[in-house]
Amino acid sequence: MEASSTSLKRLKFGKLKVVRRRLLQRYEHQPFISCLAGFYSCRWKRYQRGRTEPGKCCCKTRECVFFPLLVGAFCFSLVFLYMWGEAKNDYNNFDWYNYGNLGFWFLWSLVLLIVASILFIYITLLLVLAMCLLAEGQQLYLHWSHKIGTFLVLGFSITALFILSVLWGDQWKTVRLSFQITAPYLHIGAITVMVLLSWPVALHAIRADKKVVQVIIIGPYLAILLFLFLIPLGMYSPCIREMGTLGPKPALIGHRGAPMLAPENTEMSFQKTIEHGGDGLETDVTISYDGVPFLMHDSTLRRTTNIKEVYPNDTAQNAALFSWDTLQELNAGTWFLKDKPFSCMGSLSRADQNQAMNQSIYKLSNFLRLADSQNKVVIFDLYRPPEKHPYRNSWINRTLEVILNESGIRPHLVLWLENDMRSFVQSVAPGFQQTMGSKAPVEDLLMDNIVKLNLAYTEMSSEDIRKYAEANITTNLYVVNEPWLFSLAWCSGAHSVTTNAVHTLKNLSQPLFLMTPQQYNIMWILTDLTSVLLISLIFALHWWRERSFSCCAHDGGPMLESGTYNKFRTELSDMPAVMA
């Protein structure tokens, strides 16, 4: 009888040791939960918080309604940040557009990127805190200040996406192209997120006391997971290709020279392109009032010269309405040091700064002589003069005179882009490389003796490039600045690209993200198998833990529902009585 009593005491003491260990684990875990709840709900004290009871909802009705808004704000902010991050290639165009409307130069693109990043980080931290609280079985309660912040992020992201879609809809084409590069890595990121989400999903699904609730929790999760597992079957990227099938590196044509290193459309800019190994030069040609073709992109002189200081009353006048003598008086370089047109510009040496400050408007004839001396191809947009201009109807003839009679450039170096009077140009200068600025049927292009297409990079298509190449028509894409976009053009088979970043792209020895189909399949399968293993282990862990708790409760042991400090003290104080 005495031995039986001793065994009973030992059994009870063993159970109390288990209870004590679990209580200590929960109590010692409280600082972590306090930090989570404090940052998320501003509830730093234990009595302010509540645990989720097994089988019950993780939050009150009001919070259940607001949590999807938090998830929505995260999704919209992620989409906008990704879109705007991939739009970096065209930040200069965005800033130029704002300059035309606001009248002063500022890097609005960089400001927008910083704001989008800060808002995304903020909403991501809130969502991570919510997931951690759910994983700890805590009830959700988002503080009112964070709710206001969530509405601000959601409103800003939706508004920004709408405005950019209306004013700059082609940027979605850039996003579509970016998926051809980033999709394999986005797939890995999405699978990783699903593995992390499996912890709170498994916890609440296994705790649910109704099968319907379990299906509601697990069903969408498994559907999304299955979709992510299979989505690589529909992926396409020209950079996933067999060894030995990659074509030659595209030639680099400096867009207005090297505008990240020197003032655009100046002699210094084109010299920098040549210095960094550019294969060609691109520019814009306007004809002065007295018939001198010169290089100028904008319709006015306000942005790229000091006309505001020299002729303040003529800042809005068309550049073609000035005489060449007047144009020679203007400085075309000081603005570059003052406004810094690109956010990624490096610092210039003292010598380059001095050279930039002394740049003037460049004549077409001098530009062509420079290109000929360095054996560089040239391509340019030719602007027709405005009404009442003396060369309004003879602009092409005057330009041809300069090219053929004054510059001395070899005809095969000229990529003739202007479509007006093309037949006449071919008869006068049969050596020019006829270039078209839009896609057309191969038969029509061959009929017009077109040998090159000059297309916006958003029209990039490896199938079209290959189709034109079979007819000996090469493709040039503009304006390609980012390495990932240049890599995509390379893998797609483009013959050349027009770029602001010759100095950067020249250093690429192979496309970024290049891999063989076998390498991609291994990456895909390993990612899926690893994620299946981890998710299965997480579900099994939660099932085993909840089963252990329920068994303990059925055996008469104390239930650990609240995990409070008072419960901990009560259980410890009862231990001597049991030992007695």
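A residue counts as buried when its relative accessible area is under 20%. Keep that cut-off in mind for Trp335, which comes in at 7% and so is buried. The model shown here is a predicted one.

**View 1. Trp335 and Phe336 meet edge-to-face.**
Here are two aromatic residues whose ring centres sit 6.0 Å apart, with 85 degrees between the planes. Trp335 is buried at 7% relative accessibility. Phe336 is buried too, with a relative accessible area of just 1%. A pair of aromatic rings is described by the distance of the centres and the angle of the planes.

**View 2. Tyr82 and Phe179 form a stacked pair.**
The structure holds 19 aromatic pairs, and this view picks out one of them. The rings of Tyr82 and Phe179 are 5.6 Å apart, centre to centre, and their planes differ by 15 degrees. Distant parts of the chain are linked here: Tyr82 belongs to helix α3 (residues 61–86) and Phe179 to helix α7 (residues 171–207), with the two positions 97 residues apart. Is Phe179 buried or partly exposed? Phe179 has 38% relative accessibility, so it counts as partly exposed.

**View 3. Four aromatic residues make up one cluster.**
Look for Trp84, Tyr91, Phe94 and Trp168, which together form an aromatic cluster.

**View 4. A nonpolar patch lies on the surface.**
Six residues build this patch: Trp96, Tyr97, Phe162, Ile163, Val166 and Leu167. Taken together, they have about 630 Å² of accessible area. Two elements, α4 (91–102) and α6 (144–167), each give two or more residues to the patch. Which of them supplies the largest share? That would be α6, with four residues. Trp96 sits in helix α4, and its relative accessible area of 36% makes it partly exposed.

**View 5. His143 is tucked into a loop between two helices.**
The loop in question runs between α5 (108–135) and α6. His143 has a relative accessibility of 17%, so it counts as buried. Its side chain makes a polar contact with the side chain of Trp144, at 3.3 Å. Which residues does His143 touch once neighbours within four places in sequence are set aside? They are Tyr40, Ser41 and Cys42.

**View 6. Arg43 and His143 come together from separate parts of the sequence.**
Arg43 is in the loop between α2 (30–41) and α3. At 28% relative accessibility, Arg43 is partly exposed. How far apart in space are Arg43 and His143? Their C-alpha atoms are 8.7 Å apart, although 100 residues separate them in sequence.

**View 7. Cys132 in helix α5 is paired with Pro200 in this close-up.**
Cys132 is part of helix α5 and is partly exposed, with a relative accessible area of 26%. From Cys132 to Pro200 is 68 residues along the sequence, yet the C-alpha to C-alpha distance is 7.8 Å.

**View 8. Helix α9 carries a set of buried residues.**
This helix covers residues 267–275. Met268, Ser269, Phe270, Lys272, Thr273 and Ile274 are buried in it. What covers them? The cover includes the strands β1 (251–255), β2 (280–287) and β3 (293–295), along with the helices α13 (350–357), α14 (364–373) and α20 (502–505). After α9 comes Gly277, which has a positive phi, near 85 degrees.

Methods
Residues numbered from 1 in each chain as written. Predicted model: local features only at pLDDT ≥ 70, side-chain atom pairs only at ≥ 80, totals over all residues. Heavy atoms only, no water. Patch = residues over 30% accessible without salt bridge, like charges linked within 9 Å, V, L, I, M, F, W, Y side chains within 5 Å. Areas by Shrake-Rupley, 256 points an atom, 1.4 Å probe, with all protein chains shown as cover. Salt bridge = Lys/Arg side-chain N within 4 Å of Asp/Glu carboxyl O. Buried < 20%, exposed > 50% of the residue type's maximum accessible area, 1.4 Å probe, protein only. Contact = heavy atoms within 4.5 Å. Polar contact = N/O pair within 3.5 Å; in protein donor to acceptor, adjacent residues only side chain to side chain. Phe/Tyr/Trp six-rings, centres within 6.5 Å; stacked < 30°, edge-to-face > 60°.
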